[in-house]
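Visitor: I would like to learn how to read the features of a model like this. Could you take me through them in turn?

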Amino acid sequence: MSARDQLLVVIDPVARRTDGESVRIAKDVLGAGAGVRVCLPESPEEFRKALVRRGTRRPVVIGDDRALLRAVTVLHGERALASAVLSVVPVGAAASAVRLARGLGVPAGAVAAARAVLEGTPRRLDLLVDDRDGVVLGDVRIPPVGPVGGHDGADGGDAAVGGERHPWLRTCQSLVRTLAVRPSRVPAGPSRLRVEADGVTLVDLDQPVEGVSVVPGGGGLARVEVHPASVGAEIAPVRARARSVTVSGPDFRYRADAVVTGPVRTRTWQVRPQAWGLTLPG
């Protein structure tokens with residue numbers, strides 16, 4: 001049996017609690033096609049140790065988007081993304097909990113996803129890395145500012161700030177809850193931000209914006225889209241492609257993949273071309 005047929009299957013505790021049947025099915029499919037060592041971590045540290053001590057086994061994560069993000073964060077911290085290829089079987093309480101994995105091309109359903117682990121092909125994907133060494137697999141979205149004491153994430157102010165002080169904490173919070181969107185009591189208003197793409201200012205503080213998004217766009221570039229606020233006639237979005245994107249201005253929060261972080265006053269994201277590997281259907 002080759003090294004490719006030796007798997008380290010790390011099962012996120014949230015997946016075990018929310019959909020034990022899908023977890024069992026995925027284990028059965030994987031076990032029928034490869035040599036499997038199963039790890040059942042109960043804490044972020046146990047999750048990290050399991051991946052760090054994987055040896056020559058291919059790491060497979062059974063869990064939601066936050067578990068996938070946590071695995072990439074661990075391997076990034078160990079500077080092991082260049083050599084490791086991750087596989088994931090998306091299991092979550094709702095479709096929104098596995099939206100990122102689906103968007104990356106991982107099949108829906110435990111059977112199809114597990115078969116893709118066994119039969120799929122490694123693909124190298126671009127990665128966004130911020131100036132605090134946090135990783136983004138899918139997208140960054142900066143919503144309009146809310147009222148004092150209100151924000152878009154349900155983590156709570158202390159959790160969001162904690163994630164800013166300790167970037168690794170952003171991905172560990174999935175062990176105890178999933179992220180929910182909680183509407184503010186007062187409608188949100190436009191933000192005043194400076195958005196720079198490779199040093200070129202796309203919008204400055206004198207132009208309120210309704211939102212900003214940064215998405216890995218392939219080819220080593222990110223797609224940047226800024227929606228200026230308008231009164232009356234609609235203003236077309238400002239779009240650019242860049243290797244580095246900086247957003248600055250008054251305190252703002254942002255959603256990176258499934259995690260809300262902030263408040264911050266500046267953040268820079270850089271594209272790392274083909275920085276990580278994911279097994280996808282051939």
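Guide: Let us begin with a loop. D131 is placed in the loop between strand 5 (121–130) and strand 6 (135–136). The model is a predicted one.

Visitor: Is D131 buried, partly exposed or exposed?

Guide: The relative accessibility of D131 is 44%, and values between 20% and 50% count as partly exposed, so D131 falls in that class.

Visitor: Which residues is D131 in contact with, leaving aside its neighbours within four places in sequence?

Guide: With those neighbours set aside, D131 is in contact with R267 and T268. The C-alpha atoms of D131 and T266 are separated by 9.4 Å, while the two residues are 135 residues apart along the chain.

Visitor: What share of the contacts in the protein with a separation of 6 or more comes from residues 24 or more positions apart?

Guide: Residues 24 or more positions apart account for 69% of those contacts.

Visitor: Which other loop residues can be read in this way?

Guide: Take P143, in the loop between strand 7 (140–142) and helix 7 (157–165). P143 is partly exposed, at 25% relative accessibility. Its C-alpha atom and that of V209 are separated by 9.1 Å, with the two positions 66 residues apart along the chain. Then take G219, in the loop between strand 10 (209–216) and strand 11 (222–228). G219 has a relative accessible area of 79%, so it is exposed. From G219 to V271 the C-alpha separation is 9.6 Å, and these residues are 52 residues apart along the chain.

Visitor: How many helices and strands does the protein have?

Guide: There are eight helices and 14 strands in the protein. Of its 282 residues, 49% are buried. The accessible surface is about 12,900 Å², and carbon and sulfur atoms hold 51% of that surface.

Visitor: How is the packing of two helices described?

Guide: Two numbers are used: the angle between the axes and the distance between the axes. For helix 2 (residues 20–33) and helix 6 (residues 110–119), the angle is about 30° and the axes are 9 Å apart. Angles under 35 degrees count as roughly parallel, so helix 2 is roughly parallel to helix 6. The crossing of helix 2 past helix 6 is right-handed.

Visitor: Which residues of helix 2 and helix 6 make the contact?

Guide: From helix 2 they are S22, I25, A26, V29, L30 and G33. Helix 6 contributes A110, V111, A114, R115, V117 and L118. By class, this contact of helix 2 with helix 6 has nine nonpolar residues, two polar and one charged.

Visitor: At what angle do helix 3 and helix 4 pack?

Guide: Helix 3 (residues 44–52) and helix 4 (residues 65–77) pack at about 60°, and their axes are 10 Å apart. Roughly perpendicular begins at 65 degrees and roughly parallel ends at 35, so helix 3 is oblique to helix 4. Helix 3 passes helix 4 in a right-handed crossing. On the helix 3 side the contact is made by F47, R48, L51 and V52, and on the helix 4 side by A67, R70, A71 and V74. Six residues of this contact of helix 3 with helix 4 are nonpolar, none is polar and two are charged.

Visitor: What should I look for in the backbone itself?

Guide: Most residues other than glycine have a negative phi, and most peptide bonds are trans. R79 has a positive phi, near 55°, and is not a glycine. R79 sits in the loop between helix 4 and strand 4 (85–90). With a relative accessible area of 58%, R79 is exposed.

Visitor: Where is D198 placed?

Guide: D198 is in the loop between strand 8 (194–197) and strand 9 (200–203). D198 also has a positive phi, about 50°, although it is not a glycine. The relative accessible area of D198 is 40%, so it is partly exposed.

Visitor: Is the peptide bond from G262 to P263 cis or trans?

Guide: That bond, from G262 to P263, is cis, with omega near 5°. P263 lies in strand 14 (residues 259–280).

Methods:
Residues numbered from 1 in each chain as written. Predicted model: local features only at pLDDT ≥ 70, side-chain atom pairs only at ≥ 80, totals over all residues. Heavy atoms only, no water. Axes fitted to C-alpha atoms, helices over the stretch in contact; angles between N-to-C directions. Helix = DSSP H or I, 4+ residues; strand = E, 2+ residues; numbered from the N terminus. Parallel < 35°, antiparallel > 145°, perpendicular 65-115°, else oblique. Left-handed = near helix turned anticlockwise from the far one by under 90°. Contact = heavy atoms within 4.5 Å. Nonpolar A, V, L, I, M, F, W, Y, C, P; charged D, E, K, R; others polar. Buried < 20%, exposed > 50% of the residue type's maximum accessible area, 1.4 Å probe, protein only. Areas by Shrake-Rupley, 256 points an atom, 1.4 Å probe, with all protein chains shown as cover.
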